[in-house]
Every structure is written in structure tokens, then in C-alpha cells.
Amino acid sequence: MAHLAVSQVAVTVPIGGESSLRRSVFQRHNINFHDKSWAAPTLTLDLKTKDVYLKNRYVVCMSVQQASIPKVAVSPLELEAAKDPPLNSYKPKEPYTATIVSVDRIVGPKAPGETCHIVIDHGGNVPYWEGQSYGVIPPGENPKKPGSPQNVRLYSIASTRYGDYFDGKTSTLCVRRAIYYDPVTGKEEPSKNGVCSNYLCDSKPGDKVKITGPSGKIMLLPEDNPNATHIMIATGTGVAPYRGYLRRMFMEDVPSFRFGGLAWLFLGVANTDSLLYDDEFTKYLKDYPDQFRYDKALSREQKNRNGGKMYVQDKIEEYSDEIFKLLDGGAHIYFCGLKGMMPGIQETLKRVADQRGESWEEKLAKLKKNKQWHVEVY
């Protein structure tokens, strides 16, 4: 069953089928209201045991106003009241024990490796802002410090402060399973696999997970100017914070934040099957063509202008004149992903600056001084 809320009046609509996810966390069921519909997976709580689990259900959030505006009501709006972001509410020595809601593979069969969309129930006790990170403490003993717990691993949060269910009680992580293959034999060596990423990707609904944080201020979405331009550059799971930004800009109905600017996403992955949240981003492109741009760099499928593999810095170079003009006009630019992405990007930006007769060092210093430059790499 799925619940359809229309101006405080709820009706139930029976739907069936398994939840099968690929590039988007959403599976759409066409429940129409004045030719408009919106669907997302819903969370079921056993109020007696407080155990969290998923069933084959979907919630449709729709009001009379939303029938013409494809945005979703969120709550509690008290999450907008704080002037400063929450920081380190839970520390490694006293982490919060949250519950896994769902773990879904969100890449196709031809993607190199596995990436999972992991929803965690924190009961509203570990609030965060878009662009922040959670720490996760995997079970077991620290191999370098016998008798001590594992070290904290940080993961960018891939949802808004309201979570995937728009109620402020869940958060989402986008995690790529780290697997090590021997370069000589080509065989997997489980002893060298990523401890925390495999723990999270192997988790089941109802499992407990220890989290810390939230942490981080550098990637917070500046909202002092709702008409600002935001240029977002990511490789792989580095798209996580941008998913939160874009849901806040284009999916959620937040009375205190009405985005009127431009959001431009550059996403670099190996191939089409590796695209993350592509269905969501494509929908924004369709619904908000004047406010959202979306450029993909598929290194194993596309060629750059020199005939080599297409990386995200090549896409940046394609639009370099426009990007530099936007930065001169006050645009924010964000980078998130593997730290190996930055040297190539910096080289490209320096080369473009030189071609324009500008000093990249001076320009970068100015961007940092004006708080337009945001970098979080790992």
C-alpha cells in the first residue's frame, strides 16, 4: 500500500512489485493527480520495537499546490531555525547507534565496481546540513591498536537535512565498495579490502551502525543569496553532497529557501552504467531547464577534443570561458571526489587562465578570499 496525502486528507492506493533500483534510488509508480505525480520509497516503523525495515511500499507526497509545482513538502521546519550548522554532536568515544533502513546497488551491470545507496535512520537525533559528513565506526578491533575500536571513516551525506523521506529522521550515504585486486594475479585479496565500505555495502535493513558527527563546514551550501550560481564538479561518489544541494533546490518545498539561481553539475564516471542518481538529475534538467545544467564526462565512452579519454577536467575546459565569467560574477565552485582529480583540474584552470592573460594564482587567491572556492577530496 502507498499513502497519498492531499491537503491533509490521506487515501491509500494499492501498488505491488519489488523495489528494484539501478541508477536512481527511486522507482516510479504512475499515481496521477491532475496529470502530476511524484513517488519515492517509504519507511515503515514498528512502533513497539522501533525496528526499521522496508517493505514494498512507496509514499506519494502531493498537495493541491504541488499538483502544479513538482516539489515535496518537508518537516519539521524547525530544522531551518538554527543559525549555525550542527557540529560533532556525537564523537568517536560516544557515537550514536543508528539503524540501517536500506542498502541498494545504484549502478548498472557494466559499471566497474559497486556503489550503494544506504539510508540510515537516526531518529532525528543527529541533524545535519547539506554538504556535511557523518563518521562511521565499523565493528571490530583496530588492527594497529589492539583492544581499541576501528577508526572513524568519513562519508559525505547524500541527502538534505530532511532525508530521503522528508521527515528529518534519516540520512543517506553513497558508498563505493573498496575491493583490492592483486596487480600480478588479478585476484581479489579480501584481507586488503576496505573495511568500512564493505561493512556498509553488506549491511541489511535493521542492522545497527555507529555514527559520529556531523562534521565539516567547507562544503556547506551558501544560502545568503538564493539567486547565486553554483558550479559543482564531482567524480564518482563525490556527487553525494550535490545530490543534497539539488534536492533542496529543486525537489523540496522549503518556505525559507526559494532557489532562483543557476546550478551546474559536472559529473565524471567511467561509463553510462556508472552514473549516480542520473534519473534525478535528468528530471531536474527537464523541469528546470533555465536553472540547471548537467554535463557528464564518461571516460570509457567519450573522447576529448584531442582524442583521449574524456575526464571531468576536459568538460571544464570545454566551457572554460563561461565558467570563468560566472566566477568573476560571484559564482561558487565546488570539488568533491578522489583527491587525484584535483591536479588535472588545477592544471586545466591554470592553462585557461594563461590563455585569457590572467594569473591563476591571483584568481585562486581571490576566490578563496571571497569564499567561492570549496574543496573536499579524499
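Me: Which residue does A234 stand opposite in β18?
Reply: Start with the strands. β14 and β18 pair in the parallel sense over five bridges; two strands pair if DSSP finds at least two bridges between them. Helices (H or I, at least four residues) and strands (E, at least two) are DSSP runs, numbered from the N terminus. In β18, the residue facing A234 is C336.

Me: What pLDDT do local features need in this predicted model?
Reply: Residues are numbered from 1 along each chain as its sequence is written, and side-chain values use heavy atoms, with hydrogens and water left out. The model is predicted: totals for chains, interfaces and linings use all residues, side-chain atom pairs count only at pLDDT 80 or more, and local features need pLDDT of at least 70.

Me: What percentage of the 378 residues count as buried?
Reply: The protein has seven helices and 19 strands. Buried means under 20% relative accessible area, exposed over 50%, partly exposed in between (1.4 Å probe, protein chains only). Of the 378 residues, the buried share is 52%.

Me: What is the order of the open sheet of five strands?
Reply: Pairing is parallel in this sheet. β17 (292-298) and β19 (373-377) stand at the edges with a single partner strand each, so each has one side without a neighbour in the sheet. Neighbouring strands are turned by 10° against each other on average, direction ignored. The order is β17-β16-β14-β18-β19.

Me: How many bridges join β14 to β16?
Reply: Strands β14 (residues 229-235) and β16 (residues 262-269) run parallel. H230 has A263 as its bridge partner in β16. A234 stands opposite L267. The number of bridges joining β14 to β16 is seven.

Me: How many of the seven residues of β14 are buried?
Reply: In a regular strand the side chains alternate between the two faces of the sheet. On one side of β14, T229, I231, I233 and T235 are buried; on the other, H230, M232 and A234 are buried. β14 is largely enclosed by the rest of the structure, because its buried residues number seven of seven.

Me: In β17, which residue is the bridge partner of G268?
Reply: β16 and β17 run parallel and are joined by seven bridges. G268 shares one side of β16 with L262, W264 and F266, while A263, L265, L267 and V269 lie on the other, and all are buried. In β17, G268 has as its bridge partner A297.

Me: What is the angle between α2 and α3?
Reply: Two packed helices are described by the angle between their axes and the distance between the axes. Axes are lines fitted to C-alpha atoms, for helices over the stretch in contact, and angles run from 0 to 180 degrees between N-to-C directions. Helix α2 (residues 240-251) and helix α3 (residues 278-287) have axes 11 Å apart. Their packing angle is about 35°.

Me: Which residues in α3 do R243, L246, R247, F250 and M251 meet?
Reply: Contact means heavy atoms within 4.5 Å. R243, L246, R247, F250 and M251 are the residues of α2 that take part. The residues of this contact divide into five nonpolar, no polar and three charged (Ala, Val, Leu, Ile, Met, Phe, Trp, Tyr, Cys and Pro count as nonpolar, Asp, Glu, Lys and Arg as charged, and the others, Gly among them, as polar). The α3 residues they meet are E280, F281 and Y284.

Me: What arc around the axis do the buried residues of α3 cover?
Reply: D278, E280, F281 and Y284 are the buried residues of α3. Their arc puts them on the same side of α3; the arc is that of the directions from the helix axis to the C-beta atoms. They pack against α2, β16 and β17. The arc they cover is only 165°.

Me: What distance separates the C-alpha atoms of R247 and K71?
Reply: R247 lies in helix α2. R247 is buried, with a relative accessible area of 0%. R247 and K71 are 176 residues apart along the chain. Their C-alpha atoms are separated by 9.4 Å.
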